[in-house]
Amino acid sequence: MEKRIIYLDNNATTRVDDAAAAAMLPFLTERYGNPSSIHTFGGSVMAEVEKARMSVAGLLNATGRDREGRASEIIFTSCGTESDNAAINAATVLLPKRRKLVSTVVEHPAILNTLDVFRRKGFEIELLPVDDKGRINLADLEKAVDSNTALVSIMLANNEIGNIYPVKEAADIAHAAGALFHTDAVQAVGKVPIDLSDGKIDFLTLSGHKLHAPKGIGVLYVRSGVRFTPFVIGGHQERGRRGGTENVPSIVALGCAAELARANMAEERVKLAELRDHLEEGVLKSIPSVRINGDRQNRLPNTSSISFEYIEGESILLMLNMFGICASSGSACTTGSLEPSHVLMSMKLPYTAAHGTIRFSLSKYNTREEIDYVLDKLPPIISRLRSMSPYWENRKK
């Protein structure tokens, strides 16, 4: 008998929507031409690429258009990581005399590791701290940004704790100092409304596989009027801003997923928040010594970071897996590390809690019955692990 799967790791990746999968299939087998070709068989495919570009722009309310009416602010890339790298690189090229980059301690490794590279190149890197809820203080940003700052990069939503950050206000601070502003919106797009029409955001990144499109497709939004130097050098694709033959099947699928997210987001946000709250309330009622991490008043509707004190998160995950329950101990990009999440440690969470933290991240495909199943299996798992933990027995000594 096939084991039941309860998938609660949607911040790592999502199931491709059936409609998005169906939309991409013809471009694998029937309409497989190169969109840059001069012949009709290939060239007609470009119309579908531009249609998808408009769909993504619609989801973001990115209103910039070129002379032909195309969504000129949307550049298709391979993933969110490439887009993050491209944005940082473009800002340093555009403002070459400025040698400072400002971000936060809770960013995704795609940002933090890139900033480390620029630090080794001689750039000054300043990372804003967070409080015990994972929140930044805009006063810290005002102190950090100066006339030497080329770029401020602050994520729109955190991939581990779900916090939503005040990026529009942060962009105002960056612009007041003449700096550019970038937001990594990979975890936010499709989950919360985004409106780029006010022109405050210079660069925004997203990744298709976080909103029910395939892996291997991403987007970099570049605000109209911001000069952009390509990160991937090649041919004339993407109006000369990103070389390489377009990944047409995945682009079309992303366009479809963007349309679905735009149409259904309001309803799905309510559903996901109800499921998340039901999970958290059930855990708090049935299991002692538990923490809910992050800003519970301003976070993604689908994300819950829960610390089960005095036991190891990896052990919890292994036992959940025995029941077909898929979750995470944090970011998928840090899996395999024995150290606690940098996000949780930046919040000064005690080691006894940080080591026992599980991230549950939901999607539109999850049901209340699945959450009830988790709430049935999780308490005895925690009880069993604590019965074997010397830290649990010695916690009051």
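Student: Apart from its neighbours within four places in sequence, with which residues is Thr-352 in contact?
Tutor: The model is predicted: local features need pLDDT of at least 70 and side-chain atom pairs count only at pLDDT 80 or more, while totals for chains, interfaces and linings use all residues. Residues are numbered from 1 along each chain as its sequence is written, and side-chain values use heavy atoms, with hydrogens and water left out. Contact means heavy atoms within 4.5 Å. With neighbours within four places in sequence set aside, the contacts of Thr-352 are Phe-308, Glu-309 and Tyr-310.

Student: Is Thr-352 buried, partly exposed or exposed?
Tutor: Thr-352 is found in helix 13, residues 351-354 (helices are DSSP runs of H or I with at least four residues, numbered from the N terminus). Buried means under 20% relative accessible area and exposed over 50%, with partly exposed in between (1.4 Å probe, protein chains only). Because its relative accessible area is 31%, Thr-352 is partly exposed.

Student: What distance separates the C-alpha atoms of Thr-352 and Ala-12?
Tutor: Along the chain, Thr-352 and Ala-12 are 340 residues apart. In space, the separation of their C-alpha atoms is 24 Å.

Student: At what angle do helix 4 and helix 10 pack?
Tutor: Helix 4 spans residues 45-60 and helix 10 spans residues 248-286, with their axes 8 Å apart. Each axis is a line fitted to C-alpha atoms over the stretch in contact, and angles run from 0 to 180 degrees between N-to-C directions. The packing angle of helix 4 and helix 10 is about 30°.

Student: How many residues of the contact of helix 4 with helix 10 are nonpolar?
Tutor: Helix 4 contributes residues including Val-45, Glu-48 and Ala-52, and helix 10 contributes residues including Ile-251, Glu-259 and Arg-262. Ala, Val, Leu, Ile, Met, Phe, Trp, Tyr, Cys and Pro count as nonpolar, Asp, Glu, Lys and Arg as charged, and the others, Gly among them, as polar. Beside three polar and three charged residues, the number of nonpolar residues in this contact is 12.

Student: What is the N to O distance in the salt bridge of Glu-50 and Arg-53?
Tutor: A salt bridge is a side-chain nitrogen of Lys or Arg within 4 Å of a carboxyl oxygen of Asp or Glu. Both residues lie in helix 4, three residues apart, about one turn of the helix. Glu-50 counts as buried at 13% relative accessibility, and Arg-53 is buried at 1%. The N to O distance between their side chains is 2.9 Å.

Student: Which residue meets Arg-119 in a salt bridge?
Tutor: The partner lies three residues from Arg-119 in helix 6 (residues 109-120), which means a separation of about one helical turn. Arg-119 is partly exposed with a relative accessible area of 38%, and its partner is partly exposed with 30%. At 2.4 Å, N to O, the residue that meets Arg-119 is Asp-116.

Student: Which residues do salt bridges that share partners join into one network with Glu-50 and Arg-53?
Tutor: The structure holds 25 salt bridges. One of them pairs the side chains of Arg-135 and Asp-131 at 2.9 Å, N to O. Through shared partners, the residues joined with Glu-50 and Arg-53 into one network are Asp-66, Glu-68, Arg-70, Glu-238 and Arg-239.

Student: What is the relative accessible area of Glu-238?
Tutor: Glu-238 lies in helix 9 (residues 237-240). Beyond its neighbours within four places in sequence, Glu-238 is in contact with Arg-53, Ile-74, Ile-75, Phe-76 and Glu-246. Glu-238 is buried, and its relative accessible area is 5%.

Note on methods
Helix = DSSP H or I, 4+ residues; strand = E, 2+ residues; numbered from the N terminus.
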